[in-house]
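Grab a coffee and open the viewer. Below are some short exercises, each followed by a worked solution.

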Amino acid sequence: MITIKEKKKCCGCTACATICPHQVITMKADKSGFLYPIVNKNKCINCGLCENVCPILHENEERIPTYSFAIRNNDEEVRLESSSGGLFPIIAEKTIEAGGIVYGATFDKQWNVKHIGITKMEDLHLLQGSKYVQSNTLGIFKDIKQKLQEGINVLFTGTPCQVAGLNHYLQKQYKNLTTIDFICHGVPSPKIWKDYLSEIKDIYNLPITNIEFRNKATGWKNYQFVITFADSAEDGEKTQKYICHHSDNLYMRLFLDNYILRPSCHSCIFRKGKGGSSYTLGDYWGIHNFNAEFDDNRGTSLFLGYDDPSIIPQCISQHCTVIGTPVELALTSNPSYTRDWPQSRYSHVFYFLHNYFPLKLISCFSICLKINKIATKLKCLSALKSIQKGT
Ligand SMILES: Cc1cc2nc3c(=O)[nH]c(=O)nc-3n(C[C@H](O)[C@H](O)[C@H](O)COP(=O)(O)OP(=O)(O)OC[C@H]3O[C@@H](n4cnc5c(N)ncnc54)[C@H](O)[C@@H]3O)c2cc1C
């Protein structure tokens, strides 16, 4: 029987709940909105299947990529819609064209993030772009198994832990399955995401029509966080947008400064290729160090593979601009491939305060904290100087 003694020992992949033949495991959200399995002990017959498929209990081997490519989709419009170089849509398109199904993360009607499967090209935009919230995969692994058994080609994209969860759930290799994970900083809390959105909705009081975590209007590196609201017919105004540089946005700061990541992300056992995916995607942040001309600041994808580079999907060379780069450079310019990000030491303070105050008030508080820290540092410096001067 699966028992979660420490939160950091569960990545919420849902493999255990999906495999249970007696449906006695339910995935329940904790205070931060992260899903954890809860076993109905009265009904559990201790068959051990859930433990068999848990990717945390069966750690994969480390893999060093055999090749690394810097890639840009030649279709500028598609590249603009994607987070990095627009590589995912190329591989997805190929799968759909060949009659397959593509699974990835999308928003539901309430702007929660969940996995879905798509078979139509016109739905591809639903999966494009990074959504910086942990995606719910409940029910997806079962669906995938069925499709694989029917002989349908499947492309699954997700975090390394989701790919590992799927592979363990399947318990065998399928020739018609391709898995793509991405280099992952960590996944933020669905509950804080909901709270953040509800505060923003209160300010605008208009329905949301689109959310972009990585809008590239001011460049790939200077990406913006953008929320679009519907037209307000009453006062005759056009579409309204909330636009903010990612480093000034409260939610993005909480994510990137490691306040709200899932506990397991701080000691992730799926880095270094251990998710077991066919390929790994990422942002090729250090590409300018290798080839400055290639970097047009509109997005470059990093493509890592673990087999023979001559068998990379043909569609990539047909529709993209590709250059080979040293694996070492690729990995050093993207540290999340190998290293964890420690939880912010103020994370607990943040969650405690959030029990009583809205996020916007806490953000004022955190600015005060920062000012206080700077002031303390300045005081220490001047004290040090006066000691040195002997005053
Ligand atoms: C939470 C998170 C953390 C990331 N951290 C890093 C990092 O540290 N370094 C780095 O180089 N890249 C990171 N990425 C990946 C990067 O942002 C791009 O998604 C990736 O490079 C693919 O870009 P693309 O242009 O090829 O495709 P895009 O069109 O941007 O495709 C996005 C793909 O990501 C999937 N996806 C989007 N959101 C989620 C989600 N919440 N959960 C699961 N799958 C999702 C979609 O299904 C789709 O397949 C992260 C992505 C996420 C979602």
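Contact here means heavy atoms within 4.5 Å. Keep in mind that this is a predicted model.

**Exercise 1. Place L261 and list what it touches, skipping neighbours within four places in sequence.**

Step 1: find the residue. L261 sits in the loop between helix 9 (250-256) and strand 11.

Step 2: check its cover. Buried means under 20% relative accessible area. L261 has a relative accessible area of 4%, so it is buried.

Step 3: collect the partners. With neighbours within four places left out, L261 contacts F34, H185, G186, V187, P188, F255 and H266.

Step 4: try a residue far along the chain. E61 is 200 residues away from L261 in sequence, and their C-alpha atoms are 24 Å apart.

**Exercise 2. Work out whether T325 is buried or exposed, and find its polar side-chain partners.**

Step 1: T325 belongs to strand 13 (residues 320-325).

Step 2: its relative accessible area is 9%, so T325 goes down as buried.

Step 3: look for N and O atoms within 3.5 Å. The T325 side chain has a polar contact of 2.5 Å with the side chain of S68. Another polar contact, at 2.7 Å, runs from the T325 side chain to that of Y284.

Step 4: widen the search to contacts in general. Ignoring neighbours within four places, T325 meets S68, F69, A70, Y284, I287 and F290. Both polar partners, S68 and Y284, are on that list.

**Exercise 3. Do the same for S135: where does it lie, and what does its side chain pair with?**

Step 1: S135 is in the loop between helix 5 (124-127) and helix 6 (140-149).

Step 2: a relative accessible area of 9% means S135 is buried.

Step 3: the side chains of S135 and H115 make a polar contact of 2.7 Å.

Step 4: leaving out residues up to four places away, S135 touches A105, V113, K114, H115 and Q162.

**Exercise 4. Trace the salt bridges of R79 and say which residues share a network with it.**

Step 1: get the overall count. The structure has 14 salt bridges.

Step 2: start with E76. R79 and E76 form a salt bridge, with the closest N and O atoms 2.9 Å apart. Why do they line up along the helix? The two are three residues apart in helix 3 (residues 76-81), so about one helical turn separates them.

Step 3: compare cover at the two ends. R79 has 1% relative accessibility and so counts as buried, while E76, at 34%, is partly exposed.

Step 4: take the other partner. R79 also bridges to D296, where the closest N and O atoms are 2.6 Å apart. This pair ties together distant parts of the chain: R79 is in helix 3, D296 is in the loop between helix 10 (287-290) and strand 12 (301-305), and their positions lie 217 residues apart. D296 has 26% relative accessibility, so it counts as partly exposed.

Step 5: pull in a separate bridge. D283 and R214 meet through their side chains in a salt bridge of 2.7 Å, N to O. They too link distant parts of the chain, with D283 in strand 11 (residues 279-283) and R214 in strand 8 (residues 208-215), 69 residues apart. Both D283 and R214 are buried.

Step 6: return to R79 and its network. Salt bridges with shared partners join E76, R79, D296 and R298 into one network.

**Exercise 5. Find which residues are closest to the ligand, and how much of the ligand the protein buries.**

Step 1: the ligand is surrounded by 35 residues, and the closest are S82, S84, S130, K131 and N334.

Step 2: check backbone atoms. A polar backbone atom of G86 is 3.0 Å from a ligand oxygen, and a backbone N or O atom of L87 lies 3.1 Å from an oxygen of the ligand.

Step 3: check side chains. N334 places a polar side-chain atom 2.6 Å from a ligand oxygen.

Step 4: look at the area. On its own the ligand exposes 890 Å², and the protein buries 97% of that.

**Exercise 6. Find a nonpolar surface patch and place L361.**

Step 1: F352, Y356, F357 and L361 make up a nonpolar surface patch, with about 450 Å² of accessible area together.

Step 2: L361 is in helix 14 (residues 359-389). At 45% relative accessibility, it counts as partly exposed.

Technical notes. Residues numbered from 1 in each chain as written. Predicted model: local features only at pLDDT ≥ 70, side-chain atom pairs only at ≥ 80, totals over all residues. Heavy atoms only, no water. Helix = DSSP H or I, 4+ residues; strand = E, 2+ residues; numbered from the N terminus. Buried < 20%, exposed > 50% of the residue type's maximum accessible area, 1.4 Å probe, protein only. Polar contact = N/O pair within 3.5 Å; in protein donor to acceptor, adjacent residues only side chain to side chain. Salt bridge = Lys/Arg side-chain N within 4 Å of Asp/Glu carboxyl O. Near = heavy atom within 4 Å. Areas by Shrake-Rupley, 256 points an atom, 1.4 Å probe, with all protein chains shown as cover. Patch = residues over 30% accessible without salt bridge, like charges linked within 9 Å, V, L, I, M, F, W, Y side chains within 5 Å.
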